[in-house]
Amino acid sequence: MKRQLDAHAKHGLAAGGTARPARADWTIDQGWSAYTAADHATWRTLFERQRALLPGRACDEFLQGMAELPIAPDRIPDFRALSDVLRARTGWEVVAVPGLVPDEVFFEHLAHRRFPAGNFIRRPEQLDYLEEPDVFHDVFGHVPMLANPVVADYLQAYGEGGLRARRLGTLAQLARVYWYTIEFGLVAQADGLRLYGAGIASSFAETTFALDDPSPHRVGFDLARVMRTRYRIDDFQEVYFVIRSFDELLDLARVDFAPLYAQVRGAPEFDPGQLAPTDHVRHRGTGAHHHRAPGDPAAAAAEPSPP
């Protein structure tokens, strides 16, 4: 399996590999009525196995959002129904896009409280790995946290910050903040570490790997450290950053990033599995997963779901 770092990698939905749709904002109609029985069956399979795993692993806010929103196992959600509930709670809506969209489009949507979600679903043979995020990753993984006011504010601020980062040439550093929070973040609850990142919540394999496996590091969140830390695509993460509470994300939404960009510019960067002397290490990982040879059957059996 190819393993890559983030040097010039995808940024959540922010990449331009999809054919440009007619609308300038890249939105399309969800086309809910076009989903087939097989599409809904794939959704059910993915939903049911995650529902069995997430209690005791997903944070309370994720589970609460899932309970409050029209997200059910029997069918792919209708984005209009989701948006009706989200608007009333946090002012967000879900808009359909054909797949990956360019950076500026992605950030513009977030800055205006619109979450761009792919309208397609993976094929049955792709249940455990799909390179491009689909409707299950985007809706099941991301949307429950949009019902939380703190995460809703944080994600809007991230969209605004992304537009500024593009102008400053610092997008790579800011993208890492998104990756290690919204996609692969952990939070410390009173009853233990819990996941809130969509890349974990929507992945059958990474749900257990991120919290239970001895291989990855689990480290206290530090903003400048995260901005200097590369991440992996197409494989499990080698480090997961842990926030103390969602108030930390609220603080991030108020941060002036300009001095931080100056601080980290030219500073040495950290490889994904590298610990820093100043890290608050909650768990020092063995690194066993990523040290396996490419042909190792154990590694092949632990194929990750997409970020």
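**Group meeting: a sheet, some salt bridges and a helix pair**

Okay, let's start in the middle of a sheet: arginine 218 sits opposite tyrosine 240 in strand E8. One position back, so to speak, histidine 217 faces valine 239, also in E8.

Before I go on, the caveats. This is a predicted model, where local features need pLDDT of at least 70 and side-chain atom pairs count only at pLDDT 80 or more, while totals for chains, interfaces and linings use all residues. Numbering starts from 1 along each chain as its sequence is written, and side-chain values use heavy atoms, with hydrogens and water left out.

Back to the sheet. Helices (H or I, at least four residues) and strands (E, at least two) are DSSP runs, numbered from the N terminus, and two strands pair if DSSP finds at least two bridges between them. Strand E6, residues 217-220, runs parallel to strand E8, residues 239-243, and four bridges join them. What does E6 do with E9? Those two run antiparallel, joined by two bridges. Arginine 218 turns up again here, with histidine 283 as its bridge partner in E9.

Zooming out, five strands make an open sheet, ordered E5-E4-E8-E6-E9, with mixed pairing. At the edges you've got E5 (192-195) and E9 (281-283), each of which pairs on one side only. On average, neighbouring strands of this sheet are turned by 35° against each other, direction ignored.

Next topic, salt bridges. I'm counting a side-chain nitrogen of Lys or Arg within 4 Å of a carboxyl oxygen of Asp or Glu. Searching the whole structure gives 22 of them. For burial, the cut-offs on relative accessible area are under 20% for buried, over 50% for exposed, and partly exposed in between (1.4 Å probe, protein chains only).

The pair I'd look at is aspartate 279 with arginine 225, whose closest N and O atoms are 2.8 Å apart. These come from distant parts of the chain, 54 residues apart: aspartate 279 is in the loop between helix H12 (257-264) and E9, and arginine 225 is in helix H10, residues 223-227. So, buried or exposed, what's aspartate 279? Aspartate 279 counts as buried because its relative accessible area is 14%. Arginine 225 has just 5%, so it's buried too.

Then there's arginine 230 with aspartate 271, at 2.7 Å between the closest N and O atoms. That pair also links distant parts of the chain, 41 residues apart, with arginine 230 in the loop between H10 and strand E7 (232-233) and aspartate 271 in the loop between H12 and E9. Arginine 230 is partly exposed, at 24% relative accessibility, and aspartate 271 is partly exposed at 38%. Both belong to a salt-bridge network with Arg176 and Glu269.

One more pair: arginine 123 and glutamate 125, again with 2.7 Å between the closest N and O atoms. Glutamate 125 is exposed at 59% relative accessibility, whereas arginine 123, at 46%, is partly exposed.

Last bit, the helices. Helix H4 (residues 103-111) and helix H6 (residues 149-168) have axes that come within 7 Å and cross at roughly 145°. Axes here are lines fitted to C-alpha atoms, for helices over the stretch in contact, and angles run from 0 to 180 degrees between N-to-C directions. Contact means heavy atoms within 4.5 Å. On the H4 side the contact residues include Phe107 and Leu110, and on the H6 side they include Leu155, Tyr158 and Leu163.

That's my tour, happy to rotate the model for anyone.
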